[in-house]
Amino acid sequence: MSDDPTTRQLEQMRQDWDERARQNARYYVASGREQWTDEEYFRSGEINVEREILTDMGNVCQGRDPKRMRVLEIGCGTGRITRALARHFGEVYAVDISAEMVRQARQALRGSRNVHVLQNNGRDLRVLRRDGVAGILDRVGLGPALQFDFAFSYIVFQHIPSYEVIESYVREVHRLLRPGALFKFQVQGHSGEEEQRDSWLGVAFSEEQARAMAERCGFEMRYDHGAGEQYYWLWFFRR
């Protein structure tokens, strides 16, 4: 294992999520219940999209036709939300650190022609660059760089125990979003400083920390909701 602390941390995260995916992937993605039927599980993803995206289409689409938009999802797990996104948007790219989660997502989404699921390294989005995907961009007829119209992440960053890693993701999303586009995502807002941070309980953000991160990464934090709570939502618009 590498001597670099962040690299070791990412390797541990990958191992942890592969193991959780093998044990009971759906429970670790959506821990509201231990056992899910297919219908209930994917319906729960549709409900999340309805609540967090379809009620916010003015900010998400900004007048664009959703069927002509390219969307990025960070931390797709087994494709629970990805499948719902694919029903509303023209093209969806989804990444996850866990090879086992990616395998299960691809299986679940095998009938969705507008979805691409990729394993990333847990800290950046190089897998979406032309030189990082072994020619996949050529095969799907895309140019040398992808540009996205909207990015989304839910119940993902709340598990990451590193501010550095989360900020790295935010910078990467800034690189890939078109100017003015929205990155809507959720972080842990409840500090619980006495608790050990690991790949299940990640670092927490205050409003001040979130706003400072937006500025450093080239975003305008136009809205936020749930500061001090587990589900702290942030609206970052690319400058």
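These exercises work through the fold, surface and salt bridges of a predicted model.

**Exercise 1. Judge whether the radius of gyration of the chain agrees with a compact globule.**

Step 1. Take the chain length, which is 239 residues.
Step 2. Apply the globule rule, 2.2 Å times the number of residues to the power 0.38. For 239 residues, a compact globule would have a radius near 18 Å.
Step 3. Compare. The chain has 17 Å, which agrees.
Step 4. Add the box. Along the principal axes, the C-alpha atoms fill roughly 50 × 40 × 40 Å.

**Exercise 2. Describe the make-up of the fold and its contacts.**

Step 1. Count the elements: eight helices and seven strands.
Step 2. Turn to burial. Of the 239 residues, 54% are buried.
Step 3. Look at contacts between residues at least 6 apart in sequence. Of these, 64% join residues at least 24 apart.

**Exercise 3. Characterise the surface and the charges.**

Step 1. Take the accessible surface, about 11,200 Å². Carbon and sulfur atoms account for 43% of that surface.
Step 2. Count the charged side chains: 34 positive and 36 negative.
Step 3. Locate the two sets. Their centres lie 7 Å apart.

**Exercise 4. Which parts of the chain does the pair E46 and R87 link, and is each residue buried or partly exposed?**

Step 1. Check the distance. The closest N and O atoms of E46 and R87 are 2.4 Å apart. The cut-off is 4 Å, so the pair is a salt bridge.
Step 2. Place the partners. E46 is in helix α2 (residues 38-52) and R87 is in helix α4 (residues 80-88). They are 41 residues apart, so the pair links distant parts of the chain.
Step 3. Classify E46. Its relative accessibility is 17%. Buried means under 20%, so E46 counts as buried.
Step 4. Classify R87. Its relative accessible area is 47%, so R87 is partly exposed.

**Exercise 5. Analyse the salt bridge between E167 and R171.**

Step 1. Take the N to O distance, 3.0 Å.
Step 2. Place the residues. Both lie in helix α7 (residues 163-176). They are four residues apart, about one turn of the helix.
Step 3. Classify each partner. E167 is buried at 13%, while R171 is partly exposed at 40%.

**Exercise 6. Analyse the pair E220 and R222, then name the residues of the salt-bridge network.**

Step 1. Take the closest N and O atoms of E220 and R222, which are 3.1 Å apart in this salt bridge.
Step 2. Classify both. E220 is partly exposed at 28%, and R222 is partly exposed at 39%.
Step 3. Now the network. Salt bridges with shared partners join R43, E46, E50 and R87.
Step 4. Give the total: the structure holds 19 salt bridges.

Terms used. Residues are numbered from 1 along each chain as its sequence is written. This is a predicted model: local features need pLDDT of at least 70, side-chain atom pairs count only at pLDDT 80 or more; totals for chains, interfaces and linings use all residues. Side-chain values use heavy atoms; hydrogens and water are left out. Helices (H or I, at least four residues) and strands (E, at least two) are DSSP runs, numbered from the N terminus. Buried means under 20% relative accessible area, exposed over 50%, partly exposed in between (1.4 Å probe, protein chains only). Contact means heavy atoms within 4.5 Å. Accessible areas come from the Shrake-Rupley method with a 1.4 Å probe; for residues, only the protein chains shown count as cover. Lys and Arg count as positive and Asp and Glu as negative; His and the chain ends are not counted. The place of a charge is taken as NZ of Lys, CZ of Arg, CG of Asp or CD of Glu. A salt bridge is a side-chain nitrogen of Lys or Arg within 4 Å of a carboxyl oxygen of Asp or Glu.
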